[in-house]
Amino acid sequence: MDFFADGVAVKAVGSETFRLCRELVDEMILVDNDAICAAIKDAFEEHRSILEPAGALAIAGAKAYAGAASRKPTFVAVACGANMNFDRLRFVAERAELGEKREAILAVTIPERPGSFKQFCSLLGARNVTEFNYRYADPRGSPCVRRCAGAQPR
């Protein structure tokens with residue numbers, strides 16, 4: 001189980017909370033950790049405030065809902081929290097670009113022979129590889145797993 005937004009990771013919803021939600025909530029929006037990281041980055045860039053993941057959840061949900069809505073009304077998201085530590089900020093910084101759909105992380109297996117990486121890059125089209133890591137998939141060094149992070153439009 002993923003506890004990145006640990007402030008909302010409850011074992012069971014309280015009976016009063018459930019009653020209120022059943023009465024007042026029309027629909028729910030699901031967002032992933034990358035969208036939460038993008039919301040934390042948005043709050044920092046707009047207000048110079050660092051939100052905890054659970055506190056940024058409302059912003060991530062509002063962004064997802066606004067993106068899918070046919071009309072663009074005004075949204076209000078209650079953002080809160082101080083349950084953030086320095087180590088978690090590194091994860092947020094790395095994942096925010098993914099949440100904004102500006103970067104992608106790809107894990108691919110390509111042959112270890114001249115020209116194979118160039119051929120792979122040609123499949124990406126008009127995108128740049130901004131980070132490149134590799135490791136051998138087996139001890140004999142036959143196939144090579146290459147991880148390309150940050151495919152951005154050129």
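Here is a short set of questions and answers on the helices, core and salt bridges of this predicted model.

User: Glad to have this one open! Which pLDDT is needed for local features?

Analyst: Residues are numbered from 1 along each chain as its sequence is written, and side-chain values use heavy atoms, with hydrogens and water left out. In this predicted model, side-chain atom pairs count only at pLDDT 80 or more, totals for chains, interfaces and linings use all residues, and local features need a pLDDT of at least 70.

User: Which helix gives the most to the largest nonpolar core?

Analyst: A nonpolar core is a set of buried Ala, Val, Leu, Ile, Met, Phe, Trp, Tyr and Cys residues joined through side-chain atoms within 4.5 Å. The largest one here has 15 residues, and those with the most contacts inside it are Ile36, Ile40, Ala56 and Val92. At least two residues of this core come from each of α2 (33-47), α3 (53-68) and α4 (86-99), where helices are DSSP runs (H or I, at least four residues) numbered from the N terminus. With six residues, the top contributor is α2.

User: Which residues does isoleucine 36 touch, not counting those up to four places away in sequence?

Analyst: Contact means heavy atoms within 4.5 Å. Ile36 is among the core residues with the most contacts inside that core. Leaving out residues up to four places away in sequence, isoleucine 36 touches Phe4, Ala5, Val31, Pro53, Ala56, Leu57 and Ala60.

User: How are α2 and α3 oriented: roughly parallel or roughly perpendicular?

Analyst: Axes are lines fitted to C-alpha atoms, for helices over the stretch in contact, with angles from 0 to 180 degrees between N-to-C directions. The axes of α2 and α3 come within 8 Å and cross at roughly 95°. Angles under 35 degrees count as roughly parallel, over 145 as roughly antiparallel, 65 to 115 as roughly perpendicular and the rest as oblique. The crossing therefore makes α2, relative to α3, roughly perpendicular.

User: Where is arginine 48 found, and is this residue buried or exposed?

Analyst: Its phi is near 55°, a positive value in a residue other than glycine. Arginine 48 is found in the loop between α2 and α3. Buried means under 20% relative accessible area, exposed over 50% and partly exposed in between (1.4 Å probe, protein chains only). At 58% relative accessibility, arginine 48 is therefore exposed.

User: How far apart are the closest N and O atoms of aspartate 42 and lysine 63?

Analyst: A salt bridge is a side-chain nitrogen of Lys or Arg within 4 Å of a carboxyl oxygen of Asp or Glu, and the whole structure has four. Lysine 63 is partly exposed, with a relative accessible area of 38%. In the salt bridge of aspartate 42 with lysine 63, the closest N and O atoms are apart by 2.5 Å.

User: Why are arginine 19 and glutamate 23 separated by about one helical turn?

Analyst: Their side chains meet in a salt bridge (3.1 Å, N to O). Arginine 19 is partly exposed at 34% relative accessibility, whereas glutamate 23 is exposed at 54%. They are separated by about one helical turn because in helix α1 (residues 15-24) they are four residues apart.

User: Is lysine 41, which pairs with glutamate 45, buried or exposed?

Analyst: The side chains of glutamate 45 and lysine 41 meet in a salt bridge (4.0 Å, N to O). Glutamate 45 is partly exposed, at 47% relative accessible area. With 18%, lysine 41 is buried.
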